[in-house]
Amino acid sequence: MRFSTALFVWVLLVLATVAELALFRTPLDRTLFTVSLFGLAGLKASMIAVFYQQVTREGGDVAVFYFFTLWVALGFIIGVLTSMSQITATHV
Amino acid sequence: MAEITPNSVRYWLFTTNHKNIGILYLVTSFYFLLVGGALALLFRLQLAMPQTEILSASSFNQAVTVHGLVMVLWFLSPLGFALANYIVPLQIGANDLAFPRLNALSYWLYLFGGILAAIGFFTPGGAIDTGWTVYAPLNTAKYSPQVGTTLGALGLLMLIASVTASTVNFLVTIFKMRAPGMRLMHMPMYTWGILLTVFLMLFAFPALAAAGLVLAADRALGTLYFVSQEGGALLWDNLFWFFGHPEVYIVLLPGLFAVAEILPVFARRPLYGKRVIIWATVAASILSLMVWGHHMFTTGVNPLWREVMTVLTETISIPFGVITISFILTLVGASIRLKTPMLFALASLVHFIIGGITGVFNSSVALDYGLRGTYWVVGHFHYTLLGGAATGLIAGLYYWWPKISGRMYDERLGRIHFILYVVGYNLFAFSIHLLIDMPRRVYTYPLESGWLLNNMVATTGALIFGLSFLLLFFNLYRSLRKGAEAGPNPWSSWSLEWLTPSPPPPENYGGQPVVSADGVISITPLPIDGGRHMHVNHLSKAPMLVSLGTFAVFLGLALSMPIALVGLAILAASLIIWARESWSSHHMEGLEFEKWPFQGVEKTRLGVWWLIFGEAVLFSGLILSYLWVRFMSASWPAAGTAFDLTTGAANTFILLTSSFTLVAALAAARLGRHSMVRAGLLTTFALGLVFLLNKALEWAHLFAEGHTFGSSLPFSTFYVTTGAHGAHVLAGLIVLAYLIVRSFRKTEGIHESVESFGIYWHFVDIVWVFLFPLFYLF
């Protein structure tokens, strides 16, 4: 990757972090805030994966397993948290 | 170390050759079988009669717990990997695993982890006694105050580290080191079984790692995950069973695929539906990652979630049905040679069918309410794991023994062993299956319960079964002493490992195995300077010392800090030895003659990719633990009040910048500007160090304010999650320091090294990208 591209990505990452901090100071609906906050985090993570880790340059097989891992990791979190929905309701 | 001969102890301490490591695994796994088996016989004797007091309630709990942990994690899987270590490189035409020192490290971590867990027996209060599932809150200091439980948890962490290293090694080996021309469907079934097993290990074991880390933190540091009502039993259940269900297949697949290797050889016909069996196993493996909830039907979880888990669990029976039918169709109408390996393979198949069918009952929520916690369940998983998996592996041991030893075992003794094994095993396992109303984990029972007969028969069977192993050991010993010469291929098998002498020479083959398009294997001579003899007997003391250091650190954490400091010194010295050791393995990568997954990805880089895939699941386990206790808590500090936002934001900028400077170093390496490479690496190192110092100051400040590990859940979760991330940054800095020193000494290959390291460092950055909003902004 060219140095200038890496620098540009870094600037975007910094700006996205500034945006996260700005979001925190902005009075927003909780759902909108959560979606925006983790949307920005997801965007930053994707930029690091694509431009810095260069996952796409490795060929389709690494990318496939990268996404499979993401699904396993996310599925794990979502699966466990959905299992507790009734428990939370009765517990709190 | 050229003077060290194969007959010396030092040779076996320092060996990295895959066949030697396989033998070490084999011997050690049988040692743990003896330990676990002796414990089983002890509590079976206790249960043979009502109201017996051979063991106290506490000793019974310790015996049952250590039996379960040792048999599943220190005997069954390692036996499969003993054979895998020896056989897989031979089957794919490689001369070793991709990373021989990492392979030796896996073995030593496994051994020292087992010793660490077993030391608990000799500490006040005894060993871990929570049951093999280590359920919360039994695993907490309140119910298991003894240090033995902490040692058990730390031993588990060492085992997980061993498994992670093995996973990466086998994945890279199978994808990058096969003989030219060997396509996916050319690979023998055992190699396929190991490939699918390590895939499952890659995604399942990190969940146990997360559970083990949190448990170790609870016990050693006083954090509150499992002590608190908000975390407690269900959090452990989820973390444990996300690992625990795939673990059933991790244990099962090596045995099942050893059977798949043996059936066609002794039926003298090709395996029926090889491709279908492989795809069915892929389907079952993926499904196994989605059904952990069926172990929690009676816990009061969401009813819809239970229904989904039921359907997914019952779906798993379809691919396994396909596999079973394919095995049976391989045998129908065949002229079968009933040699000992085949007898054990057939027994494994029958046991697996019984275990599989009884498992279908357990997937029903309604039936599970009645069956859960009874000996029915014990019978079910013993039929699957012991009757199915272990019997398959014993079949594999008999099958490959002539290759490993160069000698034939005694067939008559093998058959007697088989009869005692099958009779004893079924007396034991079928009888406990019939104890459908007897609860598990009771150390004795009243006479009027009506459980006497089945318990008596089960204990008699267990004794016969246990003693039958002595016959196996005697047979193998006798074979080594005066067994007939086996020759290269005593079974007239078709796979690659039988083309080399028994036992194989250090370099495995006298030339380069090549597989033609139609699957015909030939061995082409290598030029004398082919370099294949360079590494095969390469000795290294570093893997054993790294494991010893880790062992001492963990032992010290549980018992006494001075021991931990000694361990740290050993660890530091051994890592320096590792880094300084001259080690050449570039010649080992296989040549790629056709389209193959991960073509063009260099093997170290591929290893790092596999490592971070597993690490991603580890952090997802830690993040979900945080979210779990947070959502279960009635109140939680508002964002920005508990943790200093400025520190978090500063660390985010620092880590993002360190990723950029590393990319800059890589760009400079590509252009050959070595001073710029060093500058980039040094800047990245400095930024990483500042990140850690900033984090340390933040922790010190919080501690000064009275927010300790155990002060409240928000701080417990913060310390554990960001601490685990910090440990990853520290590990990265250690590797980076090595790269910096190397960049000043030689520039050759620095580009590849920086590129591989970058994958890890950017991953650490990605994790922080999520931790920052989770802890500071949300």
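This report looks at chain A, its helix H3, and one glycine in chain B. Keep in mind that the model is predicted.

Let's start with chain A as a whole. Its secondary structure adds up to four helices and zero strands, and the order from the N terminus is simply α-α-α-α. The radius of gyration of chain A is 17 Å, well over the 12 Å that the globule rule gives for 92 residues, so chain A is more spread out than a compact globule. Here are some figures for the chain:

| Property of chain A | Value |
|---|---|
| Span of the C-alpha trace along its principal axes | about 55 × 40 × 15 Å |
| Radius of gyration | 17 Å |
| Buried share of the 92 residues | 28% |

Now for helix H3 of chain A, which takes in residues 60-83. From first C-alpha to last, this 24-residue helix reaches 34 Å, close to the 34 Å expected at 1.5 Å a residue. Its buried residues are A:Val62, A:Phe65, A:Thr69, A:Val72, A:Ala73, A:Phe76, A:Val80 and A:Ser83. And what do they pack against? The partners of these buried residues are in chain B: helices H6 (189-221), H7 (232-267), H9 (303-331) and H17 (603-632).

Over in chain B, B:Gly483 sits in the loop between helix H14 (452-482) and strand S1 (511-515). B:Gly483 has 19 other C-beta atoms within 10 Å, and a residue needs 20 or more to be buried, so this glycine counts as partly exposed. Setting aside neighbours within four places in sequence, B:Gly483 is in contact with B:Arg407, B:Met408, B:Tyr409 and B:Arg478. B:Thr16 lies 467 residues away along the chain, and its C-alpha is 28 Å from that of B:Gly483.

Note on methods:
Residues are numbered from 1 along each chain as its sequence is written. Chains are lettered from A and ligands numbered from 1 in the order in which they are written. This is a predicted model: local features need pLDDT of at least 70, side-chain atom pairs count only at pLDDT 80 or more; totals for chains, interfaces and linings use all residues. Helices (H or I, at least four residues) and strands (E, at least two) are DSSP runs, numbered from the N terminus. The expected span of a helix is 1.5 Å times one less than its number of residues. A residue is buried if 20 or more other C-beta atoms lie within 10 Å of its own, exposed if 12 or fewer, and partly exposed in between; C-beta atoms are placed from the backbone. Two residues are in contact if their C-beta atoms, placed from the backbone, lie within 7 Å. The radius of gyration is taken over C-alpha atoms; the globule rule is 2.2 Å times the number of residues to the power 0.38.
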